[in-house]
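Student: I am new to this structure. Please take one part of it and give me a close look, residue by residue where that helps.

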Amino acid sequence: MARNAHPEETERRILDSARRLFAEKGYEKTSIQDILNDLGLSKGGLYHHFKSKEAILDQLNADEWAITSRLLGELIGRKDMSALEKLRTLIASAVDDPEHLDLVRSQLALLKDPAFFTSNMRFWSTKLPASFRSLIDMGVQDGSIPTAYPEEAAQLLSLLCNYWLMPCFYPVGDDDMERRVRCLATMLDAIDVPVFDEDLVSRAIQGLAALTPDGGEESA
């Protein structure tokens, strides 16, 4: 059998196909065979790159975090923005990106699985707060985020944005979601982290609405 001369291209095709199918059908309802049929690929061709559907999802999530990490690095290096503006940009990058939101939505039902939920909570309590904390500390230094609670603010942003605001955990309509986002904004304002201005509030509400489970995906 001829050796694949472009393994990176095949891996990317698998990831792109899986991302699209996960978005269309949900992770749980997408099978390896669906991906094979979409690509016209053999099982051996897929398993050479990924040992399971879970491994494909892990790589997609790792790619998403790599994008966020690159953006964070770029923001930290910019001299033309305050730290508060950088923090808003980082949060907006998540709620504005349809592909990111589709990937999140495709795996919401997995949060019913204790192991998957624990893994997510570990991420929400470590890497994500650290990324917020780096910008909040910069804001304390440049005066744009004059909080006395930088660590607590980073934890609040991570936990509440990725748990409390998620409609899969606490289902709400559009009006109640707006109240919830504004409540979070008020809490952060109270500790001098005024990150949610009117523009970001509006963008967050719109992005979170895209995560509302529909008939194709069960609520977690």
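Tutor: Start with the buried residues of helix α11: L200, V201, A204, I205, G207 and L208. The model is a predicted one, and every value here is computed from it. Look at the spacing along the helix. An α-helix has 3.6 residues a turn, so residues three or four places apart point the same way. Now read the list again with that in mind: L200, A204 and L208 are among the buried residues, and so are V201 and I205.

What do the buried residues of α11 pack against? They pack against three helices: α5 (83-95), α6 (98-106) and α10 (174-190). Trace each one in the structure.

Next, the length. Helix α11 covers residues 198-209, twelve in total. From its first C-alpha to its last it reaches 17 Å. That is close to the 16 Å expected at 1.5 Å a residue.

Stay with α10 for a moment, since residues 174-190 pack with α11. Find C183. This cysteine is in no disulfide. The nearest cysteine sulfur belongs to C161 and is 12 Å away. A disulfide needs the two sulfur atoms within 2.5 Å, so the count for the model is zero. The two cysteines also differ in exposure: C161 is buried, with a relative accessible area of 16%, whereas C183 is partly exposed at 34%.

One last stop, away from α11. UniProt, in an unreviewed entry, lists residues 31-50 as "DNA-binding region". Over that stretch the chain is 65% helix and 0% strand. Its end C-alpha atoms are 14 Å apart.

Note on methods: Residues are numbered from 1 along each chain as its sequence is written. This is a predicted model: local features need pLDDT of at least 70, side-chain atom pairs count only at pLDDT 80 or more; totals for chains, interfaces and linings use all residues. Side-chain values use heavy atoms; hydrogens and water are left out. Buried means under 20% relative accessible area, exposed over 50%, partly exposed in between (1.4 Å probe, protein chains only). UniProt positions are given in the numbering used here, feature names are shortened, and annotations may be inferred rather than shown by experiment. Helices (H or I, at least four residues) and strands (E, at least two) are DSSP runs, numbered from the N terminus. The expected span of a helix is 1.5 Å times one less than its number of residues. Contact means heavy atoms within 4.5 Å.
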